[in-house]
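User: Please take a close look at one strand of this model and at what surrounds it. I would like one connected account that I can follow with the structure open.

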Amino acid sequence: MKANEQQTFFVLIEASYKDNVRMQKSLDGIMSVAAKKKIAVRTTISVTELIELCTSHNEKIIAVLCSSATWAQRVVEKLFSTGIHPIFINMELNETNYPYSSVIQDYRHSAFHLTEMLIKAGQDNKGIAFLGLNPDSYPDSLRIKGFEKAVKDSFKHYKIFKNEGNVDKCINDFMPEILSFETIICANDVIGVALINRLETPSDYNIAGFGGMLVGQYVSPRLTTVVFNYSSAGMYAVDAYSLLSKRDNIHNLLLNVKSTIDIKESTLGISNGQMKRLTVPNVDAIDFYADSLVRDIDRVENMLSGFDELDYQLLKEILVGSTYEHMSEKCFMAINTLKYRIRKMCDGANVLNKKELKNLIEKNKFCFSERI
């Protein structure tokens with residue numbers, strides 16, 4: 001790179017992950033710190049294009065945003081042959097000898113701490129289930145490690161239920177055995193939300209998830225979740241890029257971002273607290289985000305991520321079928337202004353109009369009318 005040429009931080013994004021809210025939060029973190037450091041950021045979903053861009057800009061350090069361990073393994077092998085050093089965000093590859101850096105969430109220890117807390121809060125001798133393990137998910141591989149450590153230390157009966165790419169089927173397979181468990185730890189908040197919506201009396205169980213998704217607060221009971229700071233992971237990736245670019249003697253970096261447990265009504269008897277590696281199996285890639293139920297919940301999460309108080313009030317009016325005129329009077333807002341806001345909601349949820357938005361909310365049983 002020439003002396004006066006601006007640095008460019010290239011970010012490779014797994015194609016099936018590119019519309020994910022958590023990916024976007026990490027990317028926002030990258031953008032915020034890069035702007036302060038006057039570093040340009042450019043994204044691509046093509047490994048071939050990335051290699052060409054790095055070659056033309058003489059850049060050797062890049063970031064990678066992904067969720068599939070299988071995909072990540074293939075990428076790191078391709079990049080090694082070209083001399084490109086990847087910084088994986090929210091991903092670590094313990095089964096590779098290729099050099100890479102990583103900014104990861106506290107997946108393993110947060111799962112251990114959550115499981116330990118729920119075991120101590122248990123009221124009877126029933127078991128504990130881990131619902132929705134994706135064999136191709138790096139975060140799940142660490143969560144299950146922490147989960148198994150906690151339950152084995154307690155000698156409590158447990159069982160793991162896998163998700164092979166269909167959340168509905170995963171829950172259907174679990175339901176015949178549900179009476180054997182008092183505690184259900186879900187691999188992510190999407191599965192937690194789907195399970196709460198499926199159960200007639202979810203308050204009979206302790207249910208928790210991972211991810212800190214906003215949609216988890218609009219089911220009844222509200223979902224206890226481990227909150228991961230995806231934005232900070234992106235920020236630290238830029239810091240790692242800057243350090244690696246300046247110091248040739250640093251082989252790699254590993255940064256671990258702390259998480260917190262947000263206790264809600266879906267778990268009883270535990271209190272909030274601050275949180276203080278695993279072999280990736282050789283399995284076929286499973287696209288968690290190809291599931292229509294997962295996409296629906298992610299669409300609502302994406303919409304909520306851009307909300308303010310007025311948007312929540314407008315959503316309440318949409319859900320009760322209010323006309324534009326009634327919304328305008330009640331919210332003290334010009335009709336053109338509220339139409340603009342509703343259009344942004346629909347774009348965020350990837351629906352055509354407020355009728356489709358209402359159907360999406362009702363289909364997934366979110367309780368906005370009770371929360372707003």
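Analyst: Six of the six residues of β1 are buried, so this strand is largely enclosed by the rest of the structure; buried means under 20% relative accessible area, exposed over 50%, and partly exposed in between, with a 1.4 Å probe and protein chains only. The model is predicted, so local features need pLDDT of at least 70 and side-chain atom pairs count only at pLDDT 80 or more, while totals for chains, interfaces and linings use all residues. Residues are numbered from 1 along each chain as its sequence is written, and side-chain values use heavy atoms, with hydrogens and water left out.

Both faces of β1 are covered, with Thr8, Phe10 and Leu12 buried on one side and Phe9, Val11 and Ile13 buried on the other. Strands here are DSSP runs of E with at least two residues, and helices are runs of H or I with at least four, numbered from the N terminus.

The setting of β1 is an open sheet of six strands, in the order β2-β1-β3-β4-β5-β11, with parallel pairing; two strands pair if DSSP finds at least two bridges between them. The edge strands, each pairing on one side only, are β2 (40-44) and β11 (254-257), and the twist from one strand to the next averages 20°.

On one side, β1 (residues 8-13) runs parallel to β2 and is joined to it by five bridges. Within β2, Ala40 is the bridge partner of Thr8, and Arg42 stands opposite Phe10. The connection between these two strands involves helix α1 (residues 21-36), which together with β1 and β2 makes a right-handed β-α-β unit; right-handed means that, with the strands pointing away from the viewer, the path from the first strand over the helix to the second runs clockwise. Towards β3, which also runs parallel to β1, there are four bridges, and there Val11 stands opposite Ala63.

Two helices also meet this strand. Helix α3 (residues 69-80) packs on the sheet and touches β1, β3 (61-65) and β4 (85-89), its direction making about 160° with that of β4; contact means heavy atoms within 4.5 Å, and angles, from 0 to 180 degrees, are taken between N-to-C directions of axes fitted to C-alpha atoms, for helices over the stretch in contact. Helix α8 (residues 230-246) lies across β1, β3, β4, β5 (101-105) and β11, and runs at about 160° to β4.
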